[in-house]
Amino acid sequence: MTHDQIIDIAVQEGFSSASVIDTSVIVFDASFRSYCMENLCGQYGANHSCPPLCGTPEEMKQRILKYKNTLVMQTVWNIPDCRNNASVESAKKNHRDYSFKVIERLEQLGMHGLLVGASFCSLCTPCSISEGKPCTLPEKQYSCMSAYCIHVKALAEKCGMVYDYRDGLLPLFSLFAFD
């Protein structure tokens, strides 16, 4: 399957834009882990897919780097007030669902890899960790770009995608690392 065909699948499933890059060009910055530790999303230590439970920055980086290629996917949402949590959460859910549709199609074609989400794993609400139980969907569990310490702005620039929220347009990113 060509990179153009993979990109076409992403666009067909709802992404505004997509790009396939060599995984080795992804910029990681372990200092970004401090943003997770601030716990603004409330998931630090409260979600199997989030720090510190998901792994160290270096472990997370190595999970991605074992793949040669990465499909970077972007959606852009018209959300005039990014403090409107309901709208942002709805956009994140739709973005997540689009990601899973792309992966399902790629897996049907024999491609397997690793999903990195736009936000923390929200497949189970609340996360089973709140009851002291293991993840109930380990085969679908994913961590976010922040947990992987990915420099998303640099990634967006490499892919020719808009990174900043402006004019009421909120871009969201996910990726699928594969061989």
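Which residues in α1 meet which residues in α4? On the α1 side they are Ile6, Ile9, Ala10 and Gln12. On the α4 side they are Val102, Arg105 and Leu106. The model is predicted.

**Helix packing**

Two packed helices are described by the angle between their axes and the distance between the axes. Helix α1 spans residues 3–12. Its axis and that of α4 come within 9 Å. They cross at roughly 140°. The two helices are therefore oblique to each other, because angles over 145 degrees would be needed for roughly antiparallel. The crossing of α1 and α4 is right-handed.

**Aromatic pairs**

A search of the whole structure finds 6 aromatic pairs. A pair of aromatic rings is described by the distance of the centres and the angle of the planes. Two of the pairs are tabulated here.

| Pair | Centre to centre | Angle between planes | Class |
|---|---|---|---|
| Trp77 and Tyr98 | 6.2 Å | 25° | stacked |
| Phe100 and Tyr142 | 5.9 Å | 70° | edge-to-face |

Trp77 and Tyr98 count as stacked because their planes stand at 25°, and the cut-off for stacking is under 30 degrees. This pair links distant parts of the chain. Trp77 lies in strand β2, residues 69–78. Tyr98 lies in helix α4, residues 85–108. The two are 21 residues apart. Trp77 is buried, at 17% relative accessibility. Ring pairs also bring in Phe15, which forms a cluster with Trp77 and Tyr98.

Phe100 and Tyr142 form an edge-to-face pair. They too link distant parts of the chain, 42 residues apart. Phe100 is in helix α4. Tyr142 is in the loop between β3 (113–117) and β4 (143–144). Both rings belong to buried residues: Phe100 has a relative accessible area of 18%, and Tyr142 has 5% relative accessibility. Each value falls under the 20% cut-off, so each residue counts as buried.

Phe100 has a charged partner as well. The charged end of Lys140 sits over its ring, 5.6 Å from the ring centre.

**Helix α5**

Which residues of helix α5 are buried? They are Val152, Ala154, Leu155, Ala156 and Cys159, in a helix that covers residues 152–159. What do these buried residues pack against? They pack against three strands: β1 (17–22), β2 and β5 (169–178). Strand β2 also holds Trp77 of the stacked pair. After α5 comes Gly160. Its phi is positive, near 70°.

Key:
Residues are numbered from 1 along each chain as its sequence is written. This is a predicted model: local features need pLDDT of at least 70, side-chain atom pairs count only at pLDDT 80 or more; totals for chains, interfaces and linings use all residues. Side-chain values use heavy atoms; hydrogens and water are left out. Rings of Phe, Tyr and Trp (its six-membered ring) pair if their centres lie within 6.5 Å; planes under 30 degrees apart count as stacked, over 60 as edge-to-face and the rest as tilted. Helices (H or I, at least four residues) and strands (E, at least two) are DSSP runs, numbered from the N terminus. Buried means under 20% relative accessible area, exposed over 50%, partly exposed in between (1.4 Å probe, protein chains only). A charge sits over a ring if NZ of Lys or CZ of Arg is within 6 Å of the ring centre and within 35 degrees of the ring normal. Axes are lines fitted to C-alpha atoms, for helices over the stretch in contact, and angles run from 0 to 180 degrees between N-to-C directions. Angles under 35 degrees count as roughly parallel, over 145 as roughly antiparallel, 65 to 115 as roughly perpendicular and the rest as oblique. A crossing is left-handed if the near helix is turned anticlockwise from the far one by less than a right angle, and right-handed if clockwise. Contact means heavy atoms within 4.5 Å.
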